[in-house]
Amino acid sequence: MQQANGRPADAKLGPPPPFVLPLLDSTSEEMPVYSPQEIEKKWQAHWKTHQTFKAYNHSSKPKYYVLDMFPYPSGAGLHVGHPLGYIASDIVARYQRLQGRNVLHPMGFDSFGLPAEQYAIQTGQHPAVTTEQNIETYIRQLQQLGFSYDWSREVRTSDPQYYKWTQWIFLQLFNSWYNLDTDRAEHIRTLQEKFAASGSAGVRAAGEAEDRHDFSAGQWQLMGEKQKLAAILPYRLAYQQDTYVNWCAGLGTVLSNDEVKDGLSERGGYPVERRLMPQWNLRITAYADRLLQGLNTLDWPDAVKEMQRNWIGKSIGAEVTFPVQGHAGADIKVYTTRVDTIYGATFLVLAPEHELVDTLTAPGQRAAVDEYIAATKRRSERDRMSDVKHVSGVFTGAYAANPVDGAPVPIWLADYVLAGYGTGAVMAVPSGDQRDYLFAQHFDLPIPAISDAQKDLDQQADPTKEGRYINSGIVNGMGYKEATATLIAFLEEKALGKGKVNFRLRDAIFGRQRYWGEPIPVYYKDGTAYGVAEADLPLVLPEIDEYKPTEHGEPPLGRATDWKYRGQHEFELSTMPGWAGSSWYYLRYMDPENADRFVGEEAEKYWGQVDLYMGGAEHATGHLLYSRFWYLFLKDLGLVTGTEPFQKLINQGMILGVSEKILRLGHVLPASTSEAATNETKAILDAPFTKLKFSSMELPLELPTKNVFVSQDISDRFRSTPGVSEGTLTALHVDISQVDSNKLDLNKYSASHPDLKNAVFVCAGGYWQNGSFTKFPFGGSDVFLTASDVEKMSKSKYNVVNPDVLIDKFGADALRLYEMFLGPLEQFKPWNTNGITGVGSFLKKFWRLFHPEDGALAVTDEPATPAELKTLHRVIQKVAHDIDKFSFNTSVSTFMIAVNELTALGTHKRAVLEPLTLLLSPFAPHLAEELWAELGHAPGSISEAAYPEFREEFLVEANVTYPVAINGKVRDQRQFAATATAAEIETAIRESDFLTRFGEGKAVKKVVVVPGRMVNVVV
RNA sequence: GCCGGAGUGGUGGAAUGGUAUACACGAGGGACUUAAAAUCCCUUGCCUUCACGGGCUUACGGGUUCGAGUCCCGUCUCCGGUACCA
């Protein structure tokens, strides 16, 4: 009755249970308290020695595979942002074990990569050595967080026993081609059979035809080995070709498109330029459509699926041939998605790199064209990015004929047309395409309307598909669909065009001119590439003297001495990109010891797909796409049995750091870097601030230094003060350990910056210099304030929070809970260490349910009361529901509420606490193991227990308190029996004093009763 | 521009269309203490009122509904991705 509305708070009004002593001696030393440091070390050691979390490839239980994206072991170790996803996946892994599943939860390292190599170049240390050290740090940090990984399955991509199989998969790609007739990859043998039977004409293979030549079956028979291999090479799924690449001179290597951001390398931020180089490529484009279709079957975040769709970039259109006038046989193929607008095509635009440019340029335009091409080459990718709006182009002097009506169409060049997409040429329809419109406007070309629905053509292009076509020959008066079909039929009949699907996706460049990666298992005999025999794998990375390119500009592997295949043939010198090893590691975890196969057949079949993949959204178009590609390829070869590698994907959001910055008053420096300007800069920097204008007051200050810092609260007064200080404010990062609630600790700061002796720190009421404070005449604060900013955590921003420190102080269980408690898993959120005390005291309260004042275990075998059972079963229900939704923050809240309620109820009963311990164990595993053992269970056995069963009947109350509202506004609370029907409640309300009290005398129009929830009276 | 996502107290955030602000931090007050830490208790969205109470509030403007933080339409802001893709 007291708890009619489920508020056990009432209980605290009653007398305390007899065995709870009043809070008199809470500081007494002998009281053993919750000591996470001891408990956590103990159980981590226990799990390790007993291999508690070892997964077995044979089990009668259903399997569950929880995977974390494995880390690159950087030298900086983990910060508090890194474990977020690992904690969440560990909760799921532990929860699934309680649900009776055989759980595979592995961890490993993506241990090839650029940072270790850069460090090697600087220090001469072998990257393997630093990588090994970094991995040890990572393992230590991961273990002290209490993750339930099966460490016996750990893989490292730089381990020869692992990369042996990465190389092996490469060889399978090298030995395969993609047959469009069967729509799958096949061994190169079937290609040779086709060549032998019917020559190149009998083959429909994925990929561009550029390097492929036509030959008959007879010609094939006459070819020597070298010629045959040369003919096959452009069909392979791993092939070598001169390719425009993103060359990054700063890193000395090529990068893939997803490693380039805004014209700069993602790692290091060096400029990237386009360059034509012979490269190994993987023919991912063969899988474009399957990669696209497969997305529909995946339980992934929509954002990631959408990114992959955009990256693949399927477009449905037509390829149309425009014959060039006066150049017989010179045809320009354009790709268009709007063939219906072809009568509006008033000019063609080719990419400056287009192969016909040279042929068709008229003598009179030769000089202008050459100059334009040269200018285009000079422009770096970055310039082109930052200069999108600017229209440029040049007329070639040549004309093509519009294939539908023969009208002459001038041919232009412009760098807005990309050589690598479609055919490298477009038909420009200025009335329907804004880019073409701007071009036509700029060069004064006609912009004829083609549809009666187009509007405002004097302002902008109108790409509408509505209306009827005008000025459009054979499609005049038709609608969009009819016109498109009519035109394609017309063009196909004349052999001047055909419907075509295009993809934005490019083949993946697969070589890096670097040392610390998997050697590509290829050697050259007479200039022809051969795959290394499988029996000779792994092709081990050779030792070299320095990790730099050779003098001749060859990759570092060119330094290896006597490194020849079988003692005689040169090896390929580039290594694989970072994503090679990570494209299949999840398969190796299934069977990491297998020496005969990349994964054993049975193991692969048993574990199948990854059930839950946890990782960052930054891998949306790189790793996740490449992994799917390799999986589909392996499937074509019959080596894996599923359809997709990762069924469910969760992106954990990033935890951001809160940076602290101080503002330095600086001079306005000349932008130019000329010598005169440099001298001027020096002069300015050396000059003191003679006067500091501050608000409207001019201070009588001579500041003999260039290091004048301004407190954040008064910074605005300087920003808007023209002239006097010649000042601008620049923000400098300050280590967050030197700041407390935006207050800068000047002693700490000065101690860490000996170079800033004599620096002046201006506050609202005076300034600090060398430890002493000089007041301004008008008075004010002497506190120097910083400005806070939420940014990515990184060493360079001095805002990194180290988990080790927090674990020392609060314990891993508290850190795990707190990271989950911060907010929804998938959201980006700033880190604030202060809040961790909240989960810390929650754990202590939980502990005290078992160990009240005297410290001894005080759990009783008394039967639980209805109120206690209600609390327990609400938790059972809510937490299971939350874990299914990956809503861990609300689970933590639920635990807190339950512990608050049980503390108020004075509960110390096994019947409640034992199941509650199980519920908490995925979140705070160390504490749970400790209490579980204290409750008399075998040590370490909590993960083998069964999840408590939810029983609805404990939540049912005899009475329900209804909020009663008038017109949606709650006015009163009324109690009714839980079994009362809507009609009964309505009658009771109508007959009660409710309306006289709150109804303002109005007539009741309607009474809405939602049984169990609320009542609303409409007047 | 296009594609995602998000706007709720001082802060992190909660809320199957049904009592908005749970839980936690911070802040304020109190107890214990020589003092501090730790611990415990109380208060804490905003406005108004001595008080009881009343009014307002989920970025903004409309709409649907007995009832909207939640659904629909429009606008704004922020974050992420992507872009001369024909």
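Before I show you anything, one term: a residue is called buried when its relative accessible area is under 20%, with the protein chains alone being considered. Please also keep in mind throughout that what we are looking at is a predicted model.

Let me start with Lys909, which sits in the loop between helix H27, residues 888–905, and helix H28, residues 910–920. Is Lys909 buried or exposed? Its relative accessible area is 10%, and because that value is under the 20% cut-off, Lys909 counts as buried. If we leave aside the neighbours within four places in sequence, Lys909 is in contact with Val859, Thr860, Glu862, Pro863, Ala864, Thr865 and Glu868. One of these, Glu868, also has a side chain that is joined to the side chain of Lys909 by a polar contact of 2.9 Å.

Now let us step back along the chain to H27, the helix that comes before this loop. H27 has 18 residues, and the distance from its first C-alpha to its last is 26 Å, close to the 26 Å expected at 1.5 Å a residue. Many of its residues are listed as buried, among them Phe888, Val892, Phe895, Val899 and Leu902. A general point may help you to read such a list: an α-helix has 3.6 residues a turn, so residues three or four places apart point the same way. And what do the buried residues of H27 pack against? They pack against helix H2, residues 83–98, helix H24, residues 812–821, H25, helix H26, residues 866–885, and H28. Directly after H27 comes Gly906, which has a positive phi, near 70°.

H27 also brings us to the RNA, since the largest share of the surface near RNA strand B, six residues, comes from this helix. In total, 45 residues surround RNA strand B, and the closest are Ala303, Thr337, Tyr421, Arg435 and Leu822. Of the RNA atoms that come within 4 Å of the protein, 57% belong to sugar and phosphate. Sorted by class, the residues of this surface are 20 nonpolar, 13 polar and twelve charged.

Finally, let me point out some individual atoms. At Tyr421, a polar backbone atom is 2.9 Å from a base nitrogen of RNA strand B. For Gln827, an N or O atom in the side chain is 3.4 Å from a phosphate oxygen of the strand, and a polar side-chain atom of Lys969 likewise lies 3.4 Å from a phosphate oxygen. The elements that give two or more residues to this surface include helix H10, residues 302–312, helix H25, residues 836–850, and strand E37, residues 969–977.

Definitions and conventions:
Residues numbered from 1 in each chain as written. Chains lettered and ligands numbered in written order. Predicted model: local features only at pLDDT ≥ 70, side-chain atom pairs only at ≥ 80, totals over all residues. Heavy atoms only, no water. Helix = DSSP H or I, 4+ residues; strand = E, 2+ residues; numbered from the N terminus. Buried < 20%, exposed > 50% of the residue type's maximum accessible area, 1.4 Å probe, protein only. Polar contact = N/O pair within 3.5 Å; in protein donor to acceptor, adjacent residues only side chain to side chain. Contact = heavy atoms within 4.5 Å. Near = heavy atom within 4 Å. Nonpolar A, V, L, I, M, F, W, Y, C, P; charged D, E, K, R; others polar. Expected span 1.5 Å × (residues − 1).
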